[in-house]
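Q: Hey, can you walk me through this one? I'd like to see how the pieces pack together.

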Amino acid sequence: MVILTFILQGILALMFLMAGFGKVTGSKMHVEAFTHWRLPQWFRIVTGLVELVGAILLIVGYWVPTSAMAGALLLAVTGVGGILTHIRVKDSFKDTAMILFLAILSFVVFFLYLL
């Protein structure tokens with residue numbers, strides 16, 4: 001079970017490092033997405049920083065399990081916010097699927113650490 005947890009943790013860390021970095025650096029895709037969601041661009045930067053912190057906590061969590069739990073929970077809650085944003089603007093399931101998957105995966109990693 002530990003190996004599975006570490007693999008899922010690594011996948012999450014990589015995904016959120018990429019997403020957070022894209023948001024903080026202002027990639028065209030993320031700028032357009034936040035405009036579509038009617039959210040201010042400063043919130044894109046805050047969201048990116050939260051994602052980067054969560055990913056870093058997951059990486060540190062390989063040595064300090066409570067960090068992994070904190071990172072997974074932070075990213076899970078952030079994911080729920082992302083899902084609600086997609087629902088609010090009536091995005092398709094295709095557009096919502098990735099953050100739904102990442103939120104579920106974050107909750108799974110959190111609960112695996114509780115075992």
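A: Sure. One term to begin with: a helix axis here is a line fitted to C-alpha atoms, over the stretch in contact, and angles run from 0 to 180 degrees between N-to-C directions. Also, keep in mind that this is a predicted model.

Q: Got it. At what angle do H1 and H5 pack, then?
A: About 140°, with the axes 10 Å apart. H1 covers residues 2–25 and H5 covers residues 93–114.

Q: What do you call that arrangement of H1 and H5?
A: Oblique. Angles over 145 degrees would count as roughly antiparallel, and 65 to 115 as roughly perpendicular, so the pair fits neither of those.

Q: And is the crossing left-handed or right-handed?
A: H1 passes H5 in a left-handed crossing.

Q: Which residues meet there?
A: On the H1 side, they include Phe6, Leu8, Ile11, Leu12 and Phe16. The H5 residues they meet include Met98, Leu102, Leu105 and Val109. The residues of this contact divide into 13 nonpolar, 3 polar and no charged.

Q: Switching topic: which residues of H2 are buried?
A: His30, Ala33 and Phe34, in a helix that spans residues 28–36. Looking down the axis of H2, those buried residues fall within an arc of 95°, so they line one face of the helix.

Q: What covers them?
A: H1 and H3 (41–60) are among the things covering the buried residues of H2. On the other side of H2, Lys28 and Thr35 are exposed.

Q: What's going on with phi just after H2?
A: Arginine 38 takes a positive phi of about 60° there, and arginine 38 isn't a glycine. This residue sits in the loop between H2 and H3.

Q: Is arginine 38 buried or exposed?
A: Exposed, because its relative accessible area is 59%, and exposed means over 50%.

Q: Which loop is lysine 90 in, and what's its phi?
A: Lysine 90 lies in the loop between H4 (65–88) and H5. Lysine 90 has a positive phi of about 60° too, although it is not a glycine. Lysine 90 is exposed, with a relative accessible area of 73%.

Q: Last one: what about leucine 58, buried or exposed?
A: Leucine 58, found in H3, is buried, with a relative accessible area of 0%.

Q: What does leucine 58 touch?
A: Setting aside neighbours within four places in sequence, its contacts include Gln9, Leu12, Ala72, Leu75 and Val109. Leucine 58 and valine 109 are 51 residues apart in sequence and 9.6 Å apart in space, C-alpha to C-alpha.

Note on methods. Residues numbered from 1 in each chain as written. Predicted model: local features only at pLDDT ≥ 70, side-chain atom pairs only at ≥ 80, totals over all residues. Heavy atoms only, no water. Helix = DSSP H or I, 4+ residues; strand = E, 2+ residues; numbered from the N terminus. Parallel < 35°, antiparallel > 145°, perpendicular 65-115°, else oblique. Left-handed = near helix turned anticlockwise from the far one by under 90°. Contact = heavy atoms within 4.5 Å. Nonpolar A, V, L, I, M, F, W, Y, C, P; charged D, E, K, R; others polar. Buried < 20%, exposed > 50% of the residue type's maximum accessible area, 1.4 Å probe, protein only. Arc of directions from axis to C-beta.
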